[in-house]
Amino acid sequence: MTDDVLDDVFAVIEDRKAELPEDSYTASLFTHEKGENAVLEKLGEETTELLLAAKDDDREEIAHESADIVYHLLVLLAMKDMDLDDLRDELAERR
Ligand SMILES: N=c1c2ncn([C@@H]3O[C@H](COP(=O)(O)OP(=O)(O)OP(=O)(O)O)[C@@H](O)[C@H]3O)c2ncn1[C@@H]1O[C@H](COP(=O)(O)O)[C@@H](O)[C@H]1O
């Protein structure tokens with residue numbers, strides 16, 4: 001455990017990618033033939049749900065959908081052999 005939940009979740013995702021446990025949703029995304037498509041579809045669906053939550057000013061739903069998006073985004077980074085530092089570097093360069 002670190003003091004950053006994003007680092008913790010990403011570490012679990014990397015572990016699932018390496019170990020591929022059968023009962024893991026994350027591992028299923030790495031093993032399924034269409035796993036990358038599933039991640040991209042989720043990102044699209046959840047973005048739509050986030051927009052609707054924002055339109056409704058539903059703060060709880062905004063947080064829920066944002067977390068779904070961030071989780072699937074981290075899975076996508078791991079699929080592309082990227083990590084949170086790639087994201088941090090990009091954001092830092094913009095400052
Ligand atoms: N953060 C998540 C996470 N967010 C979403 N999901 C899964 O993604 C799948 C699809 O999400 P959906 O948003 O479609 O599901 P939903 O929330 O019911 O749908 P909506 O209400 O948004 O419409 C569900 O099976 C969720 O359980 C996640 N699965 C795992 N994690 C993290 O990954 C870790 C490892 O999980 P496993 O790989 O399952 O062991 C967990 O401890 C969590 O930290």
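# Exercises on a predicted five-helix chain

Among contacts in the protein chain that join residues at least 6 apart in sequence, 43% link residues at least 24 apart. The model is a predicted one, and the exercises below go from the whole chain to its helix pairs, its ligand shell and single residues.

## Exercise 1: the chain as a whole

Task: state how many helices and strands the protein chain has, and what share of its residues counts as buried.

Solution. Begin with the secondary structure: the protein chain holds five helices and zero strands, which read along the sequence as α-α-α-α-α. Next take the extent, for which the C-alpha atoms fill a box of roughly 40 × 35 × 25 Å along the principal axes. Finally turn to burial, where 14% of the 95 residues count as buried.

## Exercise 2: the packing of H3 and H4

Task: classify the relative direction of H3 and H4 from the angle at which their axes cross, and list the residues in contact.

Solution. Two packed helices are described by the angle between their axes and by the distance between those axes. For this pair, the axes of H3 and H4 come within 9 Å and cross at roughly 155°. Because angles over 145 degrees count as roughly antiparallel, H3 is roughly antiparallel to H4. The handedness is a separate item, and H3 passes H4 in a left-handed crossing.

The contact can then be listed from each side. H3 contributes Glu36, Val39, Lys42, Leu43, Glu46, Thr47, Glu49, Leu50, Ala53 and Ala54, while H4 contributes Glu61, Ile62, Glu65, Ser66, Asp68, Ile69, His72, Leu73, Val75, Leu76 and Met79. Sorted by class, the contact of H3 with H4 has 11 nonpolar, three polar and seven charged residues.

## Exercise 3: the packing of H1 and H4

Task: apply the procedure to H1 and H4, and say how the residues of their contact divide by class.

Solution. H1 and H4 pack at an angle of about 50°, with their axes 10 Å apart. An angle of this value makes H1 oblique to H4, and H1 passes H4 in a right-handed crossing. The contact is made by Val9, Phe10, Ile13, Glu14 and Lys17 on the H1 side, and by Tyr71, Leu74, Val75 and Ala78 on the H4 side. These residues divide into seven nonpolar, no polar and two charged.

## Exercise 4: the shell around the ligand

Task: name the residues around the ligand and the helices that each supply at least two of them.

Solution. The shell consists of Val9, Val12, Arg16, Ser24, Tyr25, Thr26, Ala27, Glu46, Glu49, Asp68 and Tyr71. Helix H1 (5-19), helix H2 (25-31), helix H3 (35-55) and helix H4 (59-79) each supply at least two residues of it. By class, the shell has five nonpolar, two polar and four charged residues.

The shell can also be compared with the helix contacts. Val9 and Tyr71 belong to the shell and also take part in the contact between H1 and H4. Likewise, Glu46, Glu49 and Asp68 are shell residues that take part in the contact between H3 and H4.

## Exercise 5: positive phi in the loops

Task: locate Leu20 and Asp57, and decide for each whether the residue is exposed or partly exposed.

Solution. Leu20 sits in the loop between H1 and H2 and has a positive phi of about 50° although it is not a glycine. Leu20 counts as partly exposed because 13 C-beta neighbours lie inside 10 Å. Asp57 lies in the loop between H3 and H4, and its phi, near 55°, is again a positive value in a residue other than glycine. Asp57 has 8 C-beta neighbours inside 10 Å and therefore counts as exposed.

## Exercise 6: separation in sequence and in space

Task: set the sequence separation beside the C-alpha to C-alpha distance for Leu51 with Glu65 and for Asp15 with Lys42.

Solution. Leu51, in helix H3, is exposed, with 12 other C-beta atoms within 10 Å. Leu51 and Glu65 are 14 residues apart in sequence and 9.2 Å apart in space.

For the second pair, Asp15 is found in helix H1 and counts as partly exposed, with 14 C-beta neighbours inside 10 Å. Lys42 lies in helix H3 and, with 18 C-beta neighbours inside 10 Å, also counts as partly exposed. Asp15 and Lys42 are 27 residues apart in sequence and 21 Å apart in space. As a further case, Lys42 and Ala18 are 24 residues apart in sequence, with a C-alpha to C-alpha distance of 22 Å.

Conventions:
Residues numbered from 1 in each chain as written. Predicted model: local features only at pLDDT ≥ 70, side-chain atom pairs only at ≥ 80, totals over all residues. Near = placed C-beta within 6 Å. Helix = DSSP H or I, 4+ residues; strand = E, 2+ residues; numbered from the N terminus. Nonpolar A, V, L, I, M, F, W, Y, C, P; charged D, E, K, R; others polar. Buried ≥ 20, exposed ≤ 12 C-beta atoms within 10 Å, placed from the backbone. Axes fitted to C-alpha atoms, helices over the stretch in contact; angles between N-to-C directions. Parallel < 35°, antiparallel > 145°, perpendicular 65-115°, else oblique. Left-handed = near helix turned anticlockwise from the far one by under 90°. Contact = placed C-beta atoms within 7 Å.
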